Amino acid sequence: MRDELDRLGDEGLLTTIRTISSPQGAHFVVDGRQVLNLCSNNYLGLANHPALIRAAKDAVDRLGVGPGAVRSIAGTMSLHVELEERLAAFKGAEATVSLQSGFTANLAVIPVLAGEGDLIFSDELNHASIIDGCRLSRARVFRYPHCDPAGLDSALVRESAQAPAARRLVITDGVFSMDGDLAPLPDIVAVARRHGAAVMVDDAHGEGVLGDHGRGIVHHFGLTGQVEVEVGTLSKAFGVMGGFIAGPRALIDFIRQRGRPFIFSSALTPADTAAAIAAVDLLDGDDSLVRQLWENTDYFKAGLRRLGFDTGRSQTPITPVMIGEAGKAQGFSRSLFARGVFAQAIGFPTVPRGMARIRAMISAVHSRQDLDSALEAFQEVGRELAVI
Ligand SMILES: *Cc1c(COP(=O)(O)O)cnc(C)c1O
């Protein structure tokens, strides 16, 4: 393992894991230094929002710090039930169930939706937790070309003919986390309908970002009631920790009986759960943070493009700045850091070789001045490294 780590270091593929010693915000303290934060998924600034902090503190005072047991034995608290009802109303779903994370939500739901002899059609760039959930299901998995409804259609035609009785499930990320592009959900739903397949979307980066009041990608495309299953996270725009599954009541009831992360791993803590309820309340009542997030995103991306950077196929606040070689992307990130801007370099295996990039994450809490100083740092480093 030491040899392997050395080799990764030589190739510029060793991730530097920096340590944060302040709250998550537009600025934070990283390795002892105050820098501009262009890294976190804290899209709306809720990770350090007074209303969420108050809700978490109050829950600790009333209910303590731990859930005590798995949900199915003695770990379901009234707060969990309240969160699930609030989330169902917010998403326009029949029911929801909360899990410890978005990752475990995928591990819980996919094996319940498909099993041995069934067919799963999964976008080739889907998140690792979807890939793992698919493996655990023991279904046969077909990776279709990224965001390609025609490619999905031919895979469905080919495989359905061979296994006409199998259950068919199509799974896609809503927003792809390394490129910031959107799944063409209306076309995917139309193709799936033609073949009697169910659709599941993992909206981790769309929750709180896309659609009216941040209700997610299904709302964004006006597809309410047409996507069977949505997986969400409470750890990104919602600013807390946890995941959930939204869908028909029978599915949600079934996960409470058979979803392994639900029945074999403890529940969210009272503080997490109460803070997540406060996040839903806040979003439901006021969309100003979501609007600010998009205003900031449009401003920052236009600035980067004007400077001559390539932001790939991003359609969301996830802003890749294409560099190419992994070592160069790491050098770019280090030079930005030296100028007080923290934006992470992403290389293989998270993205294909030769497509390394800086991944800048925009938040509603960035001020115009923050974005201008970030653009200035990108311009200086871009020129220094001959990227622009
Ligand atoms: C981040 C992410 C997850 C994991 O969510 P956590 O709550 O951090 O476990 C799952 N799916 C997708 C698509 C993600 O981007």
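A crossing of two helices is called right-handed if the near helix is turned clockwise from the far one, by less than a right angle. Keep that in mind for the tour. One more thing before you click: the model you have open is predicted.

**Stop 1: H7 and H8**

Select residues 149-162, which form helix H7, and residues 185-194, which form helix H8. Look along the pair and you'll see H7 pass H8 in a right-handed crossing. Their axes come within 9 Å and cross at roughly 15 degrees. Angles under 35 degrees count as roughly parallel, so H7 is roughly parallel to H8.

Now show the side chains where they touch. On the H7 side, pick Pro149, Leu152, Asp153 and Leu156; facing them in H8 are Asp187, Ile188, Val191 and Arg194. Color this contact by type and you get five nonpolar residues, three charged and no polar ones.

**Stop 2: the two domains**

Zoom out. Where do the domains run? The domain assignment gives domain 1 as 2-37 plus 287-384, and domain 2 as 50-285. Give each its own color. Their C-alpha centres lie 27 Å apart, and the contact takes 19 residues from domain 1 and 19 residues from domain 2.

**Stop 3: H13 and H15**

Next, select helix H13 (residues 288-307) and helix H15 (residues 368-384). Here the axes come within 10 Å, and the crossing is at roughly 25 degrees. H13 is therefore roughly parallel to H15. The crossing of H13 past H15 is right-handed.

Which residues meet here? From H13, show Glu295, Asn296, Tyr299, Phe300, Gly303, Leu304 and Leu307; from H15, show Arg368, Leu371, Asp372, Ala374, Leu375, Phe378 and Gln379. In this contact of H13 with H15, eight residues are nonpolar, three are polar and three are charged.

**Stop 4: H4 and H12**

Move on to helix H4, residues 78-91, and helix H12, residues 270-285. They pack at about 25 degrees, with their axes 9 Å apart. That angle makes H4 roughly parallel to H12. Is the crossing of H4 and H12 left-handed or right-handed? Turn the view until one helix lies in front of the other: the crossing is left-handed.

To see the contact, show Leu79, His80, Glu82, Leu83, Arg86, Leu87 and Phe90 of H4. Then add the H12 residues, among them Pro270, Ala274, Ile277, Val280, Leu283 and Asp284. The residues of this contact divide into ten nonpolar, two polar and four charged.

**Stop 5: Arg215**

Keep Phe90 and Asp284 on screen and select arginine 215. You'll find arginine 215 in the loop between strand E7 (198-202) and helix H9 (217-220). Leaving aside neighbours within four places in sequence, arginine 215 is in contact with Phe90, Lys91, Glu207, Leu210 and Asp284.

Why does arginine 215 count as buried? Its relative accessible area is 12%, and buried means under 20%.

**Stop 6: Arg135**

Finish with another arginine. Arginine 135 is found in helix H6, residues 128-137. Is arginine 135 buried or exposed? Switch on the surface: arginine 135 has 63% relative accessibility, so it counts as exposed, the cut-off being over 50%.

For a last look, draw a distance line from arginine 135 to glycine 32. The two are 103 residues apart in sequence, and 41 Å separates them in space, C-alpha to C-alpha.

Key: Residues numbered from 1 in each chain as written. Predicted model: local features only at pLDDT ≥ 70, side-chain atom pairs only at ≥ 80, totals over all residues. Heavy atoms only, no water. Axes fitted to C-alpha atoms, helices over the stretch in contact; angles between N-to-C directions. Helix = DSSP H or I, 4+ residues; strand = E, 2+ residues; numbered from the N terminus. Parallel < 35°, antiparallel > 145°, perpendicular 65-115°, else oblique. Contact = heavy atoms within 4.5 Å. Nonpolar A, V, L, I, M, F, W, Y, C, P; charged D, E, K, R; others polar. Buried < 20%, exposed > 50% of the residue type's maximum accessible area, 1.4 Å probe, protein only. Domains from an automatic or database assignment.
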